Structure formats: structure tokens, C-alpha cells
Amino acid sequence: MTKIEFLTEFTRYNEQIESALAAQNFGRVVNLDLARRSMLHDFASANAPEDDKHFFEALEACAADNARAISQMTSEMSQLQQATGSKLRGLSGYRN
């Protein structure tokens with residue numbers, strides 16, 4: 001796999017992860033992330049690092065996108081947890 005093919009595939013995984021996050025399909029996010037990590041590991045094992053500024057900038061951009069997506073997912077999960085807790089507390093009055 002060439003660096004261009006790797007970056008194309010890596011970017012495709014990132015786009016799919018962001019799409020799964022937007023759909024709140026967290027199981028798919030985990031599976032895509034595992035596949036992406038495996039691909040990164042395989043590529044890094046087979047290719048000696050080079051002083052390729054474009055390649056590392058592309059990886060850094062993907063990492064920044066991932067960090068943003070993870071922050072968004074964490075925020076959404078926190079909001080869902082708070083909303084669920086509020087609803088459960090409201091419903092607990094009806095149990096008695």
C-alpha cells in the first residue's frame with residue numbers, strides 16, 4: 001500500500017467514524033476505529049518512517065478531526081445521561 005492509498009483509506013475511515021458518531025451508532029464507531037488502528041499498525045510496520053511533511057500533516061489533521069469527534073461524542077453522551085437521569089427521577093414519583 002502506498003502512502004497515498006493509505007491516507008485515502010485512513011481518511012475514508014475517519015469520515016465513516018464521523019458519520020457513525022452523528023448517527024450515535026457507537027458500536028460501529030468502535031469497529032471502524034479498531035479497523036483503522038489495525039490498518040495504521042500494519043502500514044507503520046511495513047513502511048519505514050520518512051521525513052514526509054505532507055504525510056505527517058495529513059495524519060495530524062486526521063488526529064485533530066478524531067479529537068473533535070470524540071469531544072462531540074462525549075458531550076452528547078453526557079447530555080443524554082443527564083436527560084435520562086432527569087426523566088428517571090421524574091418517573092420515580094409515579095412508582096409509589
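Here are three short exercises, with worked solutions, on a predicted model.

**Exercise 1. Work out how helix 1 and helix 2 are arranged relative to each other, and which residues meet.**

Solution. Let's start with what we need: two packed helices are described by the angle between their axes and the distance between the axes.

Step 1: find the two helices. Helix 1 covers residues 3–22, and helix 2 covers residues 26–46.

Step 2: get the numbers. Their axes come within 8 Å and cross at roughly 165 degrees.

Step 3: read the angle. Angles over 145 degrees count as roughly antiparallel, so helix 1 runs roughly antiparallel to helix 2. The handedness of this crossing is left-handed.

Step 4: look at who meets whom. On the helix 1 side, the residues include Phe6, Phe10, Tyr13, Ile17 and Leu21. Their partners on helix 2 include Val29, Leu32, Met39, Leu40 and Phe43.

Step 5: sort the contact residues by class. You should get 13 nonpolar, 2 polar and 5 charged.

**Exercise 2. Find the largest cavity and say which residues line it.**

Solution. Step 1: search the whole structure. This turns up 1 cavity of 30 Å³ or more, and the volume of the largest cavity is about 30 Å³.

Step 2: list the lining. You'll find Leu21, Ala22, Ala69, Gln72, Met73 and Glu76 there.

Step 3: assign them to elements. Helix 1 and helix 3 (53–95) each give two or more residues, and helix 3 gives the most, with 4 residues.

Step 4: sort by class. The lining has 4 nonpolar, 1 polar and 1 charged residues.

**Exercise 3. Place Leu59 and find what it touches.**

Solution. Step 1: locate the residue. Leu59 sits in helix 3.

Step 2: leave out residues up to four places away in sequence. What's left touching Leu59 is Phe6, Leu7 and Phe10.

Step 3: link back to Exercise 1. Phe6 and Phe10 also take part in the meeting of helix 1 with helix 2.

Step 4: check a distance. Leu59 and Leu40 are 19 residues apart along the chain, and their C-alpha atoms are separated by 10 Å.

How values were computed
Residues numbered from 1 in each chain as written. Predicted model: local features only at pLDDT ≥ 70, side-chain atom pairs only at ≥ 80, totals over all residues. Heavy atoms only, no water. Axes fitted to C-alpha atoms, helices over the stretch in contact; angles between N-to-C directions. Parallel < 35°, antiparallel > 145°, perpendicular 65-115°, else oblique. Left-handed = near helix turned anticlockwise from the far one by under 90°. Contact = heavy atoms within 4.5 Å. Nonpolar A, V, L, I, M, F, W, Y, C, P; charged D, E, K, R; others polar. 1 Å grid on protein atoms, 1.4 Å probe; cavity = no way out; pocket = protein on both sides within 12 Å on 5 of 7 lines; lining within 4 Å. Points joined across faces, edges and corners; volume = space filled by probe spheres on them.
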